[in-house]
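Dear colleague,

Please find below the structure I promised to pass on to you. My notes on its architecture follow directly after it.

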Amino acid sequence: MPQHVQGVIAPGRNEPVRVETIVIPDPGPGEAVVKIQACGVCHTDLHYKQGAINDEFPFLLGHEAAGIVESVGEGVTDVEPGDYVILNWRAVCGQCRACRRGRPWYCFGTHNAKQRMTLLDGTELSPALGIGAFAEKTLVASGQCTKVDPAVAPEVAGLLGCGVMAGIGAAINTGDVGRGDTVAVIGCGGVGDAAIVGSRLAGAAKIIAVDIDDRKLETAKAMGATHTVNSRSTDPVEAVRELTGGFGADVVIEAVGRPETYKQAFYARDLAGTVVLVGVPTPEMQLELPLLDVFGRGGALKSSWYGDCLPSRDFPMLIDLHQQGRIDLAAFVTETIGLGEVEKAFARMHEGDVLRSVVVL
């Protein structure tokens, strides 16, 4: 029978979020119901609330989550009730042109649950990134469930579902940071700090953190940055060049998602260097660069979708590294909150007061 649970919805563009009763249908073929234990408050959820993703309101927010599989639908064999899982928004199809070429981390046919969760009056909800995990339970495609070691607390494990994976993956997967490389990270929120962690893990010799907030730069140092630049008072391009022998960084990771900071990343890289855009821009933003500079500087300009991760490969690996003490995922958790505190968490995020607020259920 359908279940009634509590969840956080965004009713309309820039309207305050609220807790509502959500109707969760029984899982159909290929679907699973997951009891959510923890879900991080990600900037993408704020984008949904602001209408910067699309206008398919009302949204059931939340996507950076871990929990327990409660029930599965017909034909599901990859997970079973009782499995401890991190939810992902890249449920690879195995059939699209990217999957057939052996590049499932670029899967163009990722899938979500076919059924819709609703409000009590039958209004269909749009789950954020096909997940909708600011709720006691949610309905997803079974391929969105990635099994991991249950020894890791859900408020820590769930962070791999989006922001931390996006940042680490931007460094090790998209940017291909290697031993001895110089890396600059522009924007030191949760994703940028994760990129710093990923760069350190990959063996970067010099990691330059760039931000306009000294508090964030101090946190970046704790995460592994070797140098910091406050771009409010210092030209970040000149600072990065000065710290890299006048050349620029081998890899520059832009974790803000704005044209101004992207240009800084473009000019702060070395010749034949790599720029990785992992910050998410909004639809109205436009970028203008001299085409001759794009040609003359060579190298690569890349976008990193979800850190170009393959959840089945990367989530268990990063959980193992956390358990070995090689990365500290818990350092990203600033506070734990309840469902009714999500709106306040968005305000703290906007003020730069947190790396991650995590809803614990």
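The buried residues of helix α1 pack against the strands β1 (3-10), β3 (31-40) and β4 (59-60) and against helix α11. Please bear in mind throughout that this is a predicted model.

Helix α1 and its surroundings

The residues of α1 that are buried are T44, D45, L46, H47, Y48 and K49. With six of its eight residues buried, α1 is largely enclosed by the rest of the structure. Directly after the helix comes G51, which has a positive phi near 80 degrees.

The packing of α1 on α11 can be described in some detail. Helix α1 spans residues 43-50 and helix α11 residues 342-350; their axes come within 11 Å and cross at roughly 110 degrees. Since angles of 65 to 115 degrees count as roughly perpendicular, α1 is roughly perpendicular to α11. On the α1 side the contact involves H43, D45, L46 and K49, and on the α11 side E343, F346 and M349. By character, the residues of this contact are three nonpolar, one polar and three charged.

Strand β3 and its partners

Strand β3, one of the elements against which α1 packs, is itself largely enclosed by the rest of the structure, as eight of its 10 residues are buried. Its pairings with β5, β9 and β18 are as follows.

- With strand β5 (residues 64-72), β3 pairs in the antiparallel sense over eight bridges; here K35 stands opposite I68.
- With strand β9 (residues 137-141), β3 runs antiparallel and is joined by five bridges; V33 has L139 as its bridge partner.
- With strand β18 (residues 357-360), the pairing is again antiparallel, over three bridges, and G40 stands opposite V358.

The five-stranded sheet

Strands β1 and β4, which also receive the buried residues of α1, belong to an open sheet of five strands. The order in this sheet is β7-β2-β1-β4-β8, and the pairing is mixed. The edges are formed by β7 (118-119) and β8 (126-127); each has a single partner strand, so one side of each is left without a neighbour in the sheet. At the β7 edge, strand β2 (residues 18-24) pairs with β7 in the antiparallel sense over two bridges. The bridge partner of V23 in β7 is T118.

The six-stranded parallel sheet

A further open sheet contains six strands in the order β13-β12-β11-β14-β15-β16, and its pairing is parallel. Here β13 (227-230) and β16 (300-303) stand at the edges; each has a single partner strand, so one side of each is left without a neighbour in the sheet. From one strand to the next, the twist averages 20 degrees.

Two of the pairings in this sheet may be of interest to you. Strand β11 (residues 182-186) pairs with strand β14 (residues 249-254) in the parallel sense over four bridges, and V185 stands opposite I253 of β14. Strands β12 and β13 also run parallel and are joined by four bridges, with V229 in β13 as the bridge partner of V210. The connection between these two strands involves helix α6 (residues 214-223): β12, α6 and β13 make a right-handed β-α-β unit.

Two helices lie across the strands of this sheet. Helix α7 (residues 236-243) lies across β11, β12 (206-211), β13 and β14, and runs at about 165 degrees to β12. Helix α8 (residues 259-268) lies across β11, β14, β15 (269-277) and β16, and runs at about 150 degrees to β15. Angles over 145 degrees count as roughly antiparallel, so α7 is roughly antiparallel to β12 and α8 is roughly antiparallel to β15.

An exposed proline

Finally, I would draw your attention to P150, which is found in the loop between β10 (145-147) and α3 (154-157). This residue is exposed, with a relative accessible area of 59%, where the threshold for exposed is over 50%. P150 and V85 are 65 residues apart in sequence, and their C-alpha atoms are 8.1 Å apart in space.

With kind regards

Technical notes. Residues are numbered from 1 along each chain as its sequence is written. This is a predicted model: local features need pLDDT of at least 70, side-chain atom pairs count only at pLDDT 80 or more; totals for chains, interfaces and linings use all residues. Side-chain values use heavy atoms; hydrogens and water are left out. Two strands pair if DSSP finds at least two bridges between them. Axes are lines fitted to C-alpha atoms, for helices over the stretch in contact, and angles run from 0 to 180 degrees between N-to-C directions. Contact means heavy atoms within 4.5 Å. A crossover is right-handed if, with the strands pointing away from the viewer, the path from the first strand over the helix to the second runs clockwise. Buried means under 20% relative accessible area, exposed over 50%, partly exposed in between (1.4 Å probe, protein chains only). Angles under 35 degrees count as roughly parallel, over 145 as roughly antiparallel, 65 to 115 as roughly perpendicular and the rest as oblique. Ala, Val, Leu, Ile, Met, Phe, Trp, Tyr, Cys and Pro count as nonpolar, Asp, Glu, Lys and Arg as charged, and the others, Gly among them, as polar.
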